[in-house]
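Please open the model in your viewer and keep the sequence panel beside it, since this tour moves from one selection to the next. At each stop you will be told what to select and what is there.

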Amino acid sequence: MVSNPDICSMQLLLTAATQFELQPTLDFLDSQRVKFPDWEVHALIGGVGIASTTYSLTTELLQRRPSVIMQAGIAGTLSPALLNAASPAVVAVNQDCFADAGVWQNEQWNDLFDLGLLDENAFPYTNRFLKNPWQQLLQHTHLQHVTGVTVQEITTQPQRIAWYEQNSSMVVESMEGAALHYVCLQQQVPFLQLRAVSNIIGERDKKNWRMKEAIAALNETLIRTINTICNLDETEFRL
């Protein structure tokens, strides 16, 4: 964690499910004693899963309100092209959803919107998704913008994977992303979700995962994005 000794007008919160995913960036910031004028940088290890992430972010926001939150982590993907790139792809998630909230019924998936339990355009949802409205901030990542899904049970079943392929625009899957979107939309805090692709969805043999390479690519991108964000004018964080 890096903080400026002087009173700062802007605060950046870096968050990840595990310290492992964020450690190279934390080491870089500490070792270089990086300072950003008018910025203070904090780190939050929020824990794995929707519940832990929602609780940790909400608790943090009750204590202090950051100018922007950046969540970083690895993800599975449905795109072999992203996985098999020379360096594992890092993407910015433009929209996310709680993908396994619903029920299999008559051999098809029905989510909470299909069941009539939620209105697909009732805040904070837009067309069933938790969309990041800070589009100008997203543009500053210079990354591909993709659709993410967030699950409590990691997807392994061929039936579910086939449903994703045929009926959704999802590109990456995580266990925390939609929780970030939900909390930040409710609290109107600018945010970014960055994901590095480590494996194809459904592959559970971790010998076939590109975990080490994905962590390296993620943190290289994260460090670059931190430098970009901390040199922006505060007007860039307005809707």
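Buried means under 20% relative accessible area, exposed means over 50%, and partly exposed covers what lies in between. With that in mind, and remembering throughout that this is a predicted model, begin by selecting Gln188, which counts as partly exposed because its relative accessibility is 38%. Gln188 is placed in the loop between α6 (177-187) and β10, and its phi is near 55°, a positive value in a residue other than glycine. The reason to pause here is a general one: most residues other than glycine have a negative phi, and most peptide bonds are trans.

**The loop between β6 and β7**

Move next to Asn127, which sits in the loop between β6 and β7 and, like the previous stop, has a positive phi, in this case near 50°. How buried or exposed is Asn127? With a relative accessibility of 43%, Asn127 counts as partly exposed.

Stay in this loop and select Phe123 together with Pro124, which are joined by a cis peptide bond with an omega of about 10°. Pro124 belongs to the loop between β6 and β7.

Now colour Val103, Leu115, Leu117 and Leu118, which make a nonpolar surface patch of about 310 Å². Leu115 is found in the loop between β6 and β7 (130-131), and at a relative accessible area of 36% it is partly exposed. Leu118 also lies in the loop between β6 and β7, where it is partly exposed with a relative accessible area of 32%. If you draw a distance from the C-alpha atom of Leu118 to that of Arg128, you should read 8.9 Å, although these residues are 10 apart along the chain.

**Salt bridges**

How many salt bridges does a search of the whole structure find? The search finds 5, and a good place to start is Arg128, the end point of the distance just drawn. Show the side chains of Arg128 and Asp111, which meet in a salt bridge of 3.1 Å from N to O. Since Asp111 lies in strand β6 and Arg128 in the loop between β6 and β7, this pair ties together parts that are 17 residues apart in sequence. Asp111 is buried, because its relative accessible area is 16%, whereas Arg128, at 26%, is partly exposed.

Add Glu120 to the selection, and you will see that Arg128 forms a salt bridge with this residue too, with the closest N and O atoms 3.1 Å apart. Glu120 counts as partly exposed, its relative accessibility being 32%.

For a salt bridge elsewhere, select Arg195 and Glu176, whose side chains meet at 3.9 Å, N to O. Here the pair links distant parts of the chain, with Arg195 in strand β10 and Glu176 in the loop between β9 and α6, 19 residues apart. Arg195 and Glu176 are both buried. Returning to the earlier group, select Asp111, Asp114, Glu120 and Arg128, which are joined into one network by salt bridges that share partners.

**The two largest pockets**

The last stops concern empty space. Turn on a surface display and look for the largest pocket, which holds about 420 Å³ of space. Which residues should you select to find its centre? Of the 25 residues that line this pocket, the closest to the centre are Glu21, Ile74, Ile154, Met175 and Trp209. The elements that each give two or more residues to this lining are α1 (19-32), β3 (68-77), β9 (170-174), β10 (191-200) and α7 (211-229). By residue class, the lining of the largest pocket divides into 11 nonpolar, 7 polar and 7 charged residues.

Finally, turn to the second largest pocket, with a volume of about 360 Å³. Its lining has 21 residues, and those closest to the centre are Cys97, Phe98, Ala99, Asp111 and Arg128. Two or more lining residues come from each of β6 (108-111) and α5 (158-167), and α5 gives the largest share, 4 residues. The lining of this second largest pocket divides into 14 nonpolar, 3 polar and 4 charged residues. The tour ends where two earlier stops meet again, as Asp111 and Arg128 are among the residues closest to the centre of the second largest pocket and their side chains meet in a salt bridge.

Notes
Residues are numbered from 1 along each chain as its sequence is written. This is a predicted model: local features need pLDDT of at least 70, side-chain atom pairs count only at pLDDT 80 or more; totals for chains, interfaces and linings use all residues. Side-chain values use heavy atoms; hydrogens and water are left out. On a 1 Å grid over the protein atoms alone, a cavity is a set of points where a 1.4 Å probe fits but cannot get out, and a pocket is an open set with protein on both sides within 12 Å along at least five of seven lines; lining residues have an atom within 4 Å of a point. Grid points are joined across faces, edges and corners, and a volume is the space filled by probe spheres set on the points. Ala, Val, Leu, Ile, Met, Phe, Trp, Tyr, Cys and Pro count as nonpolar, Asp, Glu, Lys and Arg as charged, and the others, Gly among them, as polar. Patches are made of residues with over 30% relative accessible area and no salt bridge: like charges are joined within 9 Å, nonpolar side chains (Val, Leu, Ile, Met, Phe, Trp, Tyr) within 5 Å. Accessible areas come from the Shrake-Rupley method with a 1.4 Å probe; for residues, only the protein chains shown count as cover. A salt bridge is a side-chain nitrogen of Lys or Arg within 4 Å of a carboxyl oxygen of Asp or Glu. Buried means under 20% relative accessible area, exposed over 50%, partly exposed in between (1.4 Å probe, protein chains only).
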